[in-house]
Amino acid sequence: MKKNFLLTPGPTPVPAEALLAMARPTIHHRTPAFKAIFKEMNENLKYLFQTKNDIFTFAGSGTSAMEAAAVNLLSPSDKAICVQGGKFGERWTEICRAYQVKVITIDVAWGQAVNPKQIEKELQNNKDVKAVFTTQCETSTGVLTDIEAIAKMMKSKDAVLVTDAVSSLGGVDLQTDNWGVDVVVSGSQKGLMIPPGLAFCSVSKKAWKLVEQSKSPRYYLDFRLAKKALDKSDTAFTPAVTLCIGLNETLNMIKQMTLPVIFEHNRRLARAVRAAVKAIGLELFAQNPADVVTSVYAPQGIDTAQLVKIMRDEYGVSIAGGQGDFKGKIFRIAQMGYMNEFDIIVGISCLEMVLKRMGYEFELGNGLSAAEKELLR
Ligand code: PMP
């Protein structure tokens, strides 16, 4: 009997509370009933983003929020810095270039985090840079970037700080207002515990000045249209009603649990996964690992595409392989959103069984034992 376990770094499992709310018949969006939910959802989003800034919600995947940030902040031939330490940092560069933005890239080796000093140096050499694009958790490598330190360094600079928190929001701390992050983008299918399909952007006052100046073409993703509607607790276009209703459920769960408790929960799960893989002789890939996804080098001679396929097709346990140059070489297990100790235990158990089948030599159960000990600490 096949049962599916979703341990991928997005999409993540959706709790029953949200599934049930989303199973109800669709309601019209220009009604008091939806407006009340939308208003509460937006207040809850502010709690999650730790901000008083406006947060715009679009029907789209996380990438649409990234594109929205680029087109609303920058005009063709404006200068921007993009930090590239993985697939999603590279995406910032690709999006900016698609809109004729002049990009200065800061290339960081996959598996490592950018040093804020590198950004500071580029800002000093390029005083006309308007925006710095960063990624809090680079999902392709599992690396956590120190956004707080970057924000601190940028306090005295003219450029705005944009952070991709698609995989980190609601999983690791991101103090949008306290730290001073001008634009935070995210998506629904990871820490927010909802299916894919919603994208979010929070926008500071400083960033809003750029929104008014931008000459880039935009329509659906135009923050000015979104703000006009949001000021009336409304949306410019038909919102993804069902997903918003589900999101309000999960945001209420997050608020009830509180962010510090969730961050500690993820930290605990991440420690257990790290202890488990080390106990079976494997090496972590990320030098500064995020608590929402653990990336691990495969043992010599084991192709992680094959490992992922067997785990998923024969046991119903989905984890992720590597991307880019690390395709086949690393695998990634998520600890984000609606996951607990026993999801981790299932993941480690299946990993051990499949690695054993693939010929990797180690003592079965060592990983499980290490994870359990860590979880009991
Ligand atoms: N940024 C990061 C850090 C991500 O993890 C993802 C999704 N894996 C994206 C951006 C892109 O989001 P989407 O696939 O929803 O467009």
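This briefing describes the ligand site and the two largest pockets of the structure shown above. The model is predicted. The ligand occupies the largest pocket, and the protein covers 87% of the 390 Å² of accessible area that the ligand has on its own.

**Surroundings of the ligand**
- Among the 14 residues around the ligand, those that come nearest are Ser61, Thr63, Thr139, Asp164 and Lys190.
- Ser61 places a polar side-chain atom 2.5 Å from an oxygen atom of the ligand.
- Asp164 has a polar side-chain atom 2.5 Å from a nitrogen atom of the ligand, and an N or O atom in the side chain of Lys190 is 2.6 Å from a nitrogen atom of the ligand.
- Two or more residues of the shell come from each of α3 (62–73) and α4 (87–98), with α3 giving the most, three residues.
- The shell consists of four nonpolar, seven polar and three charged residues.

**Largest pocket**
- This pocket holds about 260 Å³ of space, and 17 residues line it, of which Pro9, Phe88, Arg91, Gln189 and Lys190 are the closest to its centre.
- At least two lining residues are supplied by α3, and at least two by α4.
- By class, the lining has four nonpolar, eight polar and five charged residues.

**Second largest pocket**
- About 220 Å³ of space lies in this pocket, whose lining includes Gly191, Met193, His265 and Tyr338.
- Both α10 (241–257) and α11 (259–279) give two or more residues to the lining, and α10 provides the largest share, three residues.
- The lining comprises seven nonpolar and three polar residues, with no charged residues.

Technical notes:
Residues numbered from 1 in each chain as written. Predicted model: local features only at pLDDT ≥ 70, side-chain atom pairs only at ≥ 80, totals over all residues. Heavy atoms only, no water. Near = heavy atom within 4 Å. Polar contact = N/O pair within 3.5 Å; in protein donor to acceptor, adjacent residues only side chain to side chain. Areas by Shrake-Rupley, 256 points an atom, 1.4 Å probe, with all protein chains shown as cover. 1 Å grid on protein atoms, 1.4 Å probe; cavity = no way out; pocket = protein on both sides within 12 Å on 5 of 7 lines; lining within 4 Å. Sits in = over half its atoms within 2 Å of the grid points. Helix = DSSP H or I, 4+ residues; strand = E, 2+ residues; numbered from the N terminus. Nonpolar A, V, L, I, M, F, W, Y, C, P; charged D, E, K, R; others polar. Points joined across faces, edges and corners; volume = space filled by probe spheres on them.
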